[in-house]
There are 2 protein chains.
Amino acid sequence: MEKYYSKIKNSPLFCGITDEELTRMLKCFGGYIKKYEDGDMIIRQGETISKIYLILDGEVNVEKETYWGRRIIIQKLYANNNIGLALVASKNIEANINALCVGHALVLVLNYDKCSTMCKNACNHHSVLISNLFKILSKENIELIEKIENISQKTIRDKLLTYLSNESQKHRTNVFEIQFNRQELADYLNIDRSAMSFELSKLKSEGLINYKKNKFVLKISL
Amino acid sequence: MEKYYSKIKNSPLFCGITDEELTRMLKCFGGYIKKYEDGDMIIRQGETISKIYLILDGEVNVEKETYWGRRIIIQKLYANNNIGLALVASKNIEANINALCVGHALVLVLNYDKCSTMCKNACNHHSVLISNLFKILSKENIELIEKIENISQKTIRDKLLTYLSNESQKHRTNVFEIQFNRQELADYLNIDRSAMSFELSKLKSEGLINYKKNKFVLKISL
DNA sequence: TTCCTTTTGTTGTAATTACAACAGAAATGT
DNA sequence: ACATTTCTGTTGTAATTACAACAAAAGGAA
């Protein structure tokens, strides 16, 4: 555990918390590190979640399966992100998503339930933590709305241009690498992969964008 | 202001806070009540938000306009809901949505910036408040994912059935009233209103649903 | 290298949707 | 009650998409 201290300390979750506090908190939370392999379900739809998951390393897809069997990718998470954080706030809520490990991943697991009852007033670092939780959820909230913007566009072309434009703004440059492969991007934008590939080609031939694998250049601005 | 105390006190935002604390907090926050009329913009895309808005009465649409001029309805808010809460957490973030008043609305406005700097440690009720903020954002987060599920369906029919099914579950009965009129529902599900009306008729004629105006009966379960 | 697997691109066709234009119903104001 | 406006439903057509089937490219393992 000790070798991950610096990684943990620099996460948004523990931002503003000293080393000694961190040690106490990890104990208080019953924190442990768990390894996941490709395809492992970290959170499964229907479960009740009382743990905070902090990704230390690796990649996690937050997904949903429709009633008709299609996959929806909600978001992709990496180191420093939390998985299903919104689910721990209310005890009686069932997870509405699946969280799947992509490749190998290393996750710090904290028993939020335990801490929130044990040391609500005792530990003063608890207020720092909950303030961090608020900030993290705010950011996620804004990202979910961005995703809604992306998938709310009418045509495949508009979805792609909006998505690429948003990515470009996030990277603060018109040359950037996207996090999804083609199938994942299609499942994120809720469109057919082959139709999306076709539209990407068209956008390239029209000179609006350029790309090679996951490296994209956006030559226009919305 | 005093006549709204009970309303304010019973909101999730001030849950667990005593009357005397509330009085002090409203002062500390520089709280005031603002009236909005139909079509008024409460939050405008691009603004920086440092105030907490609590709806005391009325109806507010959270919307976005696409680059191509179409309206996207993100969510509909009512009394006890907060508007753009995720935007106050980080000072340097611009609002990514518009919040529009539908009809008349009464909103309590709190200067979060002022409070968070002035009484971070001084007031102990601050920790209760921020814990409430976390819970509120969690709920909103889960609702945004539900919206993503609704609009991620492939066909108009699937969107309608998923939406109605989710509404039915929320109301815990298969007979319920929806919050949107037809045009709003279409803008929420990102589909054409007339095509949606046509599909609703078809679902009714097939016996899967029944409806009259905004009262719906879902006769199947997904 | 070669073989095999995975990922990405291309094309034709059937299904679905947006859009426009209009008709009917319901709500609103006078 | 009446006129007027807003909301909802219906229909035909052009545009867009999903899907299947396949081709090409990239990546890995022997």
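Q: Which residues are closest to DNA strand D, and how many surround it?
A: In this predicted model, 18 residues surround DNA strand D, the closest being Thr155(A), Ile156(A), Lys154(B), Ser197(B) and Ser201(B). A residue is near a strand if one of its heavy atoms lies within 4 Å of it.

Q: What numbering and confidence conventions apply?
A: Residues are numbered from 1 along each chain as its sequence is written, and chains are lettered from A and ligands numbered from 1 in the order in which they are written. Local features need pLDDT of at least 70, side-chain atom pairs count only at pLDDT 80 or more, and totals for chains, interfaces and linings use all residues, while side-chain values use heavy atoms, with hydrogens and water left out.

Q: What share of the DNA strand D atoms within 4 Å of the protein belongs to sugar or phosphate?
A: Sugar or phosphate accounts for 62% of those atoms, and bases for the rest.

Q: Which phosphate contact does Ser201(B) make?
A: A polar side-chain atom of Ser201(B) lies 2.3 Å from a phosphate oxygen of DNA strand D. From chain A, a backbone N or O atom of Ile156(A) lies 2.4 Å from a phosphate oxygen of this strand, and for a backbone N or O atom of Asp192(A) the distance to a phosphate oxygen is 3.2 Å.

Q: Which elements give two or more residues to that surface?
A: They are helix H7 (193–205) of chain A, with helix H6 (182–189) and helix H7 (193–205) of chain B. H7(B) gives the most, with five residues. Helices (H or I, at least four residues) and strands (E, at least two) are DSSP runs, numbered from the N terminus.

Q: And the surface by residue class?
A: There are five nonpolar, eight polar and five charged residues near DNA strand D. Here Ala, Val, Leu, Ile, Met, Phe, Trp, Tyr, Cys and Pro count as nonpolar, Asp, Glu, Lys and Arg as charged, and the others, Gly among them, as polar.

Q: Changing topic, what is the strand order of the sheet in chain B?
A: Three strands form an open antiparallel sheet in the order S7-S9-S8 (chain B); two strands pair if DSSP finds at least two bridges between them. Strand S7 (175–177) and strand S8 (209–212) of chain B are at the edges with a single partner strand each, so one side of each has no neighbour in the sheet. The twist averages 20° from one strand to the next.

Q: How many bridges are there between S8(B) and S9?
A: S8(B) and strand S9 (residues 215–218) of chain B pair over four bridges. Tyr211(B) has Phe216(B) in S9(B) as its bridge partner.

Q: Which strands does H5 touch?
A: Helix H5 (residues 156–171) of chain B packs on the sheet and touches S7, S8 and S9 of chain B, where contact means heavy atoms within 4.5 Å. The direction of H5 makes about 100° with that of S7(B); axes are lines fitted to C-alpha atoms, for helices over the stretch in contact, and angles run from 0 to 180 degrees between N-to-C directions.

Q: At what angle do H4 and H5 pack?
A: Helix H4 (residues 125–151) of chain B and H5(B) pack at about 150°, with their axes 8 Å apart.

Q: Last one: what turn lays chain B on chain A?
A: A turn of 180° with a shift of 0.0 Å along the axis does so, at an RMSD of 0.0 Å. That is the relation of a two-fold axis. Copies are superposed by least squares on the C-alpha atoms of residues with pLDDT of at least 70 in both.

Note on methods: Polar contact = N/O pair within 3.5 Å; in protein donor to acceptor, adjacent residues only side chain to side chain.
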